[in-house]
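User: I am new to this structure and would like to learn how to read it. Could you take me through it one feature at a time?

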Amino acid sequence: MELSPLARERLARIGDLSPQEKERARRSSKLGSLLSQYFKGEMSSEDLWKELNSLKEQSDESIIKEAQSKLIDTLRLQMSQADFGQRRSAILAIETMRGEGKYSTLELALNSVEALCQEYTQIKEQTYEQLKSALEGQFQAVAQQVIKQGLKVDVGSSIEANVKNSPQWKAFIAEHEKSCGGMFDSHIARLREII
């Protein structure tokens with residue numbers, strides 16, 4: 001297969017990385033590997049700190065910001081507390097490598113993100129339970145009639161399916177995600193400013 005002149009030109013440019021770009025790519029790859037091990041539970045935040053400190057000594061301080069930025073990239077509004085705690089721990093541990101004294105500010109910003117995530121989940125669960133309770137009475141009456149006719153009904157699954165497909169639930173979720181998503185994005189932007 002013959003390559004077009006444009007494709008040949010692009011391929012030629014790929015091989016023209018400067019020594020700094022090659023080092024940055026190597027360092028970024030090493031960082032990605034370390035974070036992958038951390039996320040898999042193969043190393044603790046202390047082990048990650050040691051490895052990053054060694055990497056920082058081999059290169060420069062920018063690895064700290066890059067590591068924290070990659071960790072912040074993995075934060076989500078709908079995240080388990082364990083996953084959030086793991087990332088929080090690593091972000092704060094890495095912050096101790098800096099001499100700027102932003103640990104407290106960063107910790108407060110992470111607390112705000114965590115509180116928002118918890119509030120998002122709590123309100124979502126409460127609203128779901130309210131809609132479910134409202135439908136349960138109606139479904140129990142219908143189920144009684146169906147059972148009298150000799151048919152089996154899985155009331156729990158029926159209620160759950162109806163709640164999730166109801167216009168009220170869909171409208172609530174859309175608004176809730178929009179509102180909390182906007183606040184979440186603001187909190188993440190604030191974290192990025194701090195690091």
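Analyst: What follows goes from the overall make-up to charged pairs, cysteines and nonpolar cores. Keep in mind that this is a predicted model.

User: Where do I begin: how many helices and strands does the chain have?

Analyst: Begin by listing the elements in order. The chain has eight helices and zero strands, and from the N terminus on they run α-α-α-α-α-α-α-α.

User: What share of the chain's residues count as buried, and what supplies the exposed surface?

Analyst: Of the 195 residues, 32% count as buried. The chain exposes about 12,100 Å², with 51% of that area coming from carbon and sulfur atoms. Sequence separation is another thing to check: among contacts with a separation of 6 or more, 69% are between residues 24 or more positions apart.

User: How do I read a single helix, say α4, and what span should it have?

Analyst: Compare the expected span with the distance between its ends. At 1.5 Å a residue, the 12 residues of α4 should span 16 Å, and its end C-alpha atoms are 16 Å apart, so the two agree. Next, look at which side chains are covered. An α-helix has 3.6 residues a turn, so residues three or four places apart point the same way. In α4 the buried residues are Ile63, Ile64, Glu66, Ala67, Gln68, Leu71 and Ile72.

User: Glu66 is a charged residue in that list of buried ones. With which residue does Glu66 form a salt bridge?

Analyst: The general idea comes first. Side chains of opposite charge can pair when their charged atoms come close. Here Glu66 pairs with Arg27, and their closest N and O atoms are 3.5 Å apart. Arg27 belongs to helix α2 (residues 19-39) and Glu66 to helix α4 (residues 62-73), so the salt bridge ties together parts that are 39 residues apart in sequence. Both Arg27 and Glu66 are buried.

User: How many salt bridges are there in the whole structure?

Analyst: The search finds nine. One of them joins Asp73 and Arg192, with the closest N and O atoms 2.1 Å apart. This pair links distant parts of the chain, since Asp73 is in helix α4 and Arg192 is in helix α8 (residues 167-194), 119 residues apart. Asp73 is partly exposed at 39% relative accessible area, and Arg192 is partly exposed at 31%.

User: Which residues are joined into one network by salt bridges that share partners?

Analyst: Take the pair of Arg88 and Glu114, whose side chains meet in a salt bridge at 3.7 Å, N to O. Arg88 lies in helix α5 (residues 81-95) and Glu114 in helix α6 (residues 103-148), 26 residues apart. Arg88 is buried, with a relative accessible area of 15%, while Glu114 is partly exposed at 22%. Shared partners join Arg88, Glu107 and Glu114 into one network.

User: How many disulfides does the structure have?

Analyst: A disulfide is a covalent bond between the sulfur atoms of two cysteines. The search of this structure finds zero. Cys117 is in no disulfide, and its nearest cysteine sulfur, that of Cys180, is 9.1 Å away. The cut-off for a disulfide is 2.5 Å between the sulfur atoms, so this pair does not qualify. Both cysteines are covered: Cys117 counts as buried at 7% relative accessibility, and Cys180 is buried at 4%.

User: Which residues have the most contacts inside the largest nonpolar core?

Analyst: In soluble globular proteins, nonpolar side chains tend to be buried together. The largest nonpolar core here has 35 residues, and those with the most contacts inside it are Leu48, Leu52, Leu75, Leu106, Leu110, Phe184 and Leu191. Helices α2, α3 (45-58), α4, α5, α6 and α8 each supply at least two of its residues. The largest share, seven residues, comes from α6. Beyond its neighbours within four places in sequence, Leu110 is in contact with Leu75, Phe84, Arg88, Ile91, Leu92 and Leu191. Apart from this core lies another, of nine residues, among them Leu131, Phe139, Trp169 and Ile173.

User: Last, which residues does Lys132 contact beyond its neighbours within four places in sequence?

Analyst: Lys132 is found in helix α6 and counts as partly exposed at 25% relative accessibility. Outside those neighbours, Lys132 is in contact with Ile159 and Val163. Lys132 and Ile159 are 27 residues apart in sequence, and their C-alpha atoms are 6.6 Å apart in space.

Note on methods
Residues are numbered from 1 along each chain as its sequence is written. This is a predicted model: local features need pLDDT of at least 70, side-chain atom pairs count only at pLDDT 80 or more; totals for chains, interfaces and linings use all residues. Side-chain values use heavy atoms; hydrogens and water are left out. Helices (H or I, at least four residues) and strands (E, at least two) are DSSP runs, numbered from the N terminus. Buried means under 20% relative accessible area, exposed over 50%, partly exposed in between (1.4 Å probe, protein chains only). Contact means heavy atoms within 4.5 Å. Accessible areas come from the Shrake-Rupley method with a 1.4 Å probe; for residues, only the protein chains shown count as cover. A salt bridge is a side-chain nitrogen of Lys or Arg within 4 Å of a carboxyl oxygen of Asp or Glu. The expected span of a helix is 1.5 Å times one less than its number of residues. A nonpolar core is a set of buried Ala, Val, Leu, Ile, Met, Phe, Trp, Tyr and Cys residues joined through side-chain atoms within 4.5 Å.
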